[in-house]
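Please look through the sequence and the structure shown here before reading the report, and keep both in view as you go.

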Amino acid sequence: MLSFATVLRAVPTPGFARAVAVLSVAVVLSPPTRCALRRPPPLRSQVERTHVPADKVDWLTEWKDYQPVEYTAVSILAGPQWADPQVSDKSFSPKFNERDGEVERTSWNGLYVVENGRPRNPAGRTGLTGRGLLGRWGPNHAADPVVTRWKRDRSGNKIPHPVTGKNILQFVAIKRRDCGEWAIPGGMVDPGEKISATLKREFGEEALNSLQKSPEEKAELEKQLQRLFSQEHFVVYRGYVDDPRNTDNAWMETEAVNYHDETGETMDNLPLEAGDDAGMVKWVDISEQLKLYANHSYFVKLVTEKRGAHWSEEPGPECHE
């Protein structure tokens, strides 16, 4: 499949201005974004996307007969505090491509196009317009904490993979209640909230069930979380996410950050307990065999590369269509 960069080079001169508008996207979107973009979303309704052929995903490809399904969930239209009004609402004047009060409407991938008052998904057509299950028009920002440790035997020694000889890395995974898939315990960034705060809050709520703790337990938990989240860490990824909720006008973006417990001692004092949106939580061995929600497998793969840990016995393509 053509990458965005390849498509841009193939655009005739008259379309050059349009190509420039999405050029910043070409250098940051990872290969997996072109695979999952067209898969059916778990929309808990009878709504189905218009099928988008692989060669029609990119906006630069002309498709006069494109008729996407319009859909915004009833729960979103009900106007919860965390969601935008409809674009047609006269009292709603969003400032796209900039910070809009406490709401961050900029994209990690650069400027996005706005047509007829609606932002346009920088990754291409999805077969669905409106917001689907997402609250914000344009980018919906999330944060994903990838908390890792080395897999060890009973004597405390790191366990290498029998084929590659590289040490095996583990991460804290949750099983999402909404779709049943295993994922990183992340969540949405609240208006005005720093991403560092979101990372710690979401991990506490989903992997440690902090919302159900007593005041005394919460205080102790906060101390332990502060210890973990003040340790060495690095940003794994910033940008567009291949989330099944994405539409032509609303999409997920995230900042994934790896917090690594080198000795394992910090996490020994943080017993895992599923909470909030998580049905289950556990330590999972990282390898190419993992099947995770959205782009999450790609994120943990990047962590193994950074840590020099085991990932694959035989490196191969990550995207099959």
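The report that follows considers one helix, then one loop residue, and then two asparagines.

The model is predicted, and the description begins with helix α7, which covers residues 215–229 and has 15 residues. From its first C-alpha to its last, α7 reaches 21 Å, close to the 21 Å expected at 1.5 Å a residue. Within this helix Leu 221, Gln 224, Leu 225, Leu 228 and Phe 229 are buried. Seen down the axis of α7, the buried residues fall within an arc of 125°, so they line one face of the helix. An α-helix has 3.6 residues a turn, so residues three or four places apart point the same way. On the other side of α7, by contrast, Pro 215, Glu 216 and Lys 223 are exposed. The cover over the buried residues of α7 includes β7, α6, β11, β12 and α8.

Two of these covering elements, β11 and β12, are also the ones between which the loop with Asp 243 is found. Asp 243 has 6% relative accessibility and therefore counts as buried, since the cut-off for buried is under 20%. Its side chain makes a polar contact with the side chain of Arg 245, at 2.8 Å. Leaving aside neighbours within four places in sequence, Asp 243 is in contact with Met 252, Tyr 293 and Ala 294.

The table turns to two loop residues, each with a positive phi although neither is glycine.

| Residue | Phi | Loop | Relative accessible area |
|---|---|---|---|
| Asn 97 | near 65° | between α5 and β2 | 23%, partly exposed |
| Asn 116 | near 55° | between β4 and β5 | 80%, exposed |

Technical notes:
Residues numbered from 1 in each chain as written. Predicted model: local features only at pLDDT ≥ 70, side-chain atom pairs only at ≥ 80, totals over all residues. Heavy atoms only, no water. Helix = DSSP H or I, 4+ residues; strand = E, 2+ residues; numbered from the N terminus. Expected span 1.5 Å × (residues − 1). Buried < 20%, exposed > 50% of the residue type's maximum accessible area, 1.4 Å probe, protein only. Arc of directions from axis to C-beta. Contact = heavy atoms within 4.5 Å. Polar contact = N/O pair within 3.5 Å; in protein donor to acceptor, adjacent residues only side chain to side chain.
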